[in-house]
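I opened a new notebook page for this structure. My plan is to look at the ligand, then the chain as a whole, then some backbone details.

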Amino acid sequence: MCGIVGITSNKSVTSMIINSLRKLEYRGYDSSGIATLYNGSINEVKCEGRVDTLEKNLNKTKLSGNVGIGHVRWATHGIPSTLNAHPHSSENVSVVHNGIIENSTILKKILVKKGHVFKSQTDTEVITHLITEYLKKNDLKNSIIKILQDLKGSFALGIIFKDQPDVIVGARRGSPLAVGYGPKENYLGSDSYALKSMTNKVSYLNDGEFCIIKKDNIDFFDEKGKKVNKKILELSSNENNYDKGEYKHFMAKEIDEQPITIKNCINEYIDKINNDINIFNFPWKSDDISSIVLIGCGTAYHSCLMAKYWFEQLTSLDVSVDIASEFRYRKNRFKKDALYVFVSQSGETADTYGALDLCNKNNMKTCSVVNVVESSIARDSKFVLPIHCGPEIGVASTKAFIGQMLVLYLLCIKIAKSRKDISKDIFSEKIKSLKSLSGLIKESLKTENEIQSICNSFIEAKGSMFLGRGYSFPIALEGALKLKELAYVHAEGYPAGEMKHGPLALIEDGMPVVVLAPRDKYYKKTISNMQEVIARGAKVLLITNKSKDEVYSENIWQTIEVENTSEDLFPFLVTVPLQKLAYYSALKKGYDIDKPRNLAKSVTVE
Ligand code: M6R
């Protein structure tokens, strides 16, 4: 889960690499580094910490060169430190790496016996020594073929060479890698986002491929060294969305953008004239599908879980949900008539990609719900449903969660209608409700002041719980995840009805508990569960919807009311105050909201 950039040009590349690394910080930010080739020798500057610190160090050393590689790290092997930061260089080569080399210990032993001296605790350094060793007896291309045969695991590599003045080698197995074409210069990046400010012309390496990039030419090869042809793709440009505007944090901006992103997504999918949902060229007939398997990680998993409730309620399909890292290593019973749906904002999550790859290899029907349409998951699934949210930069996923839920809901009612699981009238009602969703979310954003006044209780408490039943349960999980990842406080999401089977023991006097109870079919049961926690001393923040009927319960600490909508759509409205709760809790604690500790936006390691 690191970011890689490489540039070969006829001018100095240092500041361009720094600019690209800043864009890649969403992939990792515990250490950073850069290496260039200057006057026939490799020079590097590395540091623990972010690109800002790296830039200050660079200003002191005045690193120059027309070919170079840079890296932002999210530590896997070895603590975040200057020594473990990439690039890892010998006199002859310098390497940046994303991923994990699974056989690094064995390779290291062999290399140490040959006299190589290791400086870091990383798995990456074996690659540096291995190429150095092969280059003694082989040319560059054959050395790359040989190291790719030796390395086990999943990785993306960027390499420069002392004796090849304008060459960068890129190699991919498992972790994504893109190349970009510029005027008299070419680029390598762990994704196209890193390259966007320099070019909109890119190609992607497939698994097992490597490339030799020179400033005026790029050659691609398969793992055996046979040349392969590549399509050059043009990236769409939406640079404005990469800006915080008047906001202090991307997260705040992205939460507030939700009414617009919902509107955009609805405009993309809903055919207002025919009152239908446009999902063109769906490759399978709905009668050929009798079950659906939804797969994702983290927040994306929560949107899958949400979709399970909708699919079960509105269609006759069998529905299952899986966490990608579990799915990919279980003994799965692949079903020909199943639709496998992979949900991922970034489209680069290693576990989700691994699960997709497994399904593709078993010839399954694969479909992805992604935000980044140029991503690996989008490219390798048989059908893609974009969420049309625009770039999500904050590490905590907010507008993408809402977008994923929306697209999964649209898919659900479209399938329900084509299978005749719901009538045309019900379908039309649902479309009508969807058209008002953006405005209702706008109203949910107004809960901000109430939230700001209560978040102290959440950050001062030992821990908190988020409870919900049915449609509100996945949202409870998501609310707890947001608070954990941003405010670094323990928070647990739980099905409200399960509390009596153990977790009630955790409730102490004054413990903050969020209860999600919109007036849906679960409402009364959830209110009973709420009373059980209040009776044990919990301070309950009830999130429900506006109604003329009073909530039948005493001693509720705080109540927040969202607007009225159909049962299916309450999850969207109750999500927003929870996002705000996490945001303001982290803000009060003075944490780095867009880059919370130990996380990265795109999790490209297993
Ligand atoms: O890019 P993806 O949607 O595949 O990412 C999956 C998770 O890593 C991601 O949702 C993570 O849980 C977020 N930090 C949550 O805010």
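Entry 1, a term. I count a polar contact to the ligand as a pair of N or O atoms within 3.5 Å. The model I am reading is predicted.

Entry 2, contacts of the ligand. I began with Thr299, where a polar backbone atom lies 3.1 Å from an oxygen atom of the ligand. This pair is a polar contact because its distance falls within 3.5 Å. Next I looked up Lys482, and found an N or O atom of its side chain 3.0 Å from a ligand oxygen. For Glu485 I noted 2.4 Å between a side-chain N or O atom and an oxygen atom of the ligand.

Entry 3, cover. How much of the accessible area that the ligand has on its own does the protein cover? I read 91% of 410 Å².

Entry 4, the site. I checked the pockets and found that the ligand takes up the space of the largest one. Two elements, α8 (298–314) and α16 (472–487), each give two or more residues to the shell around the ligand. I noted that α8 gives the most, with three residues.

Entry 5, the shell. There are 14 residues around the ligand. I listed those that come nearest: Ser344, Gln345, Ser346, Thr349 and Glu485. Sorted by class, the shell holds seven polar, five nonpolar and two charged residues.

Entry 6, the whole chain. I noted 18 helices and 27 strands in the protein chain. Its C-alpha trace spans about 80 × 55 × 45 Å along the principal axes. I then asked what radius of gyration a compact globule of 606 residues would have. The value would be near 25 Å, and the protein chain has 25 Å, so the two agree.

Entry 7, backbone. I wrote down the usual case before looking: most peptide bonds are trans, and most residues other than glycine have a negative phi. Is the peptide bond from His86 to Pro87 cis or trans? I found it cis, with omega near 0°. Pro87 is placed in the loop between β4 (67–73) and β5 (88–89). I also looked up Asn281, a residue other than glycine, and read a positive phi near 60°. Asn281 has its place in the loop between β17 (276–277) and β18 (291–296).

Methods
Residues are numbered from 1 along each chain as its sequence is written. This is a predicted model: local features need pLDDT of at least 70, side-chain atom pairs count only at pLDDT 80 or more; totals for chains, interfaces and linings use all residues. Side-chain values use heavy atoms; hydrogens and water are left out. A residue is near a molecule or strand if one of its heavy atoms lies within 4 Å of it. A polar contact is a pair of N or O atoms within 3.5 Å; within protein, one must be able to donate a hydrogen and the other to accept it, and residues adjacent in sequence count only if both atoms are side-chain atoms. Accessible areas come from the Shrake-Rupley method with a 1.4 Å probe; for residues, only the protein chains shown count as cover. On a 1 Å grid over the protein atoms alone, a cavity is a set of points where a 1.4 Å probe fits but cannot get out, and a pocket is an open set with protein on both sides within 12 Å along at least five of seven lines; lining residues have an atom within 4 Å of a point. A molecule sits in a cavity or pocket if more than half of its atoms lie within 2 Å of its grid points. Helices (H or I, at least four residues) and strands (E, at least two) are DSSP runs, numbered from the N terminus. Ala, Val, Leu, Ile, Met, Phe, Trp, Tyr, Cys and Pro count as nonpolar, Asp, Glu, Lys and Arg as charged, and the others, Gly among them, as polar. The radius of gyration is taken over C-alpha atoms; the globule rule is 2.2 Å times the number of residues to the power 0.38.
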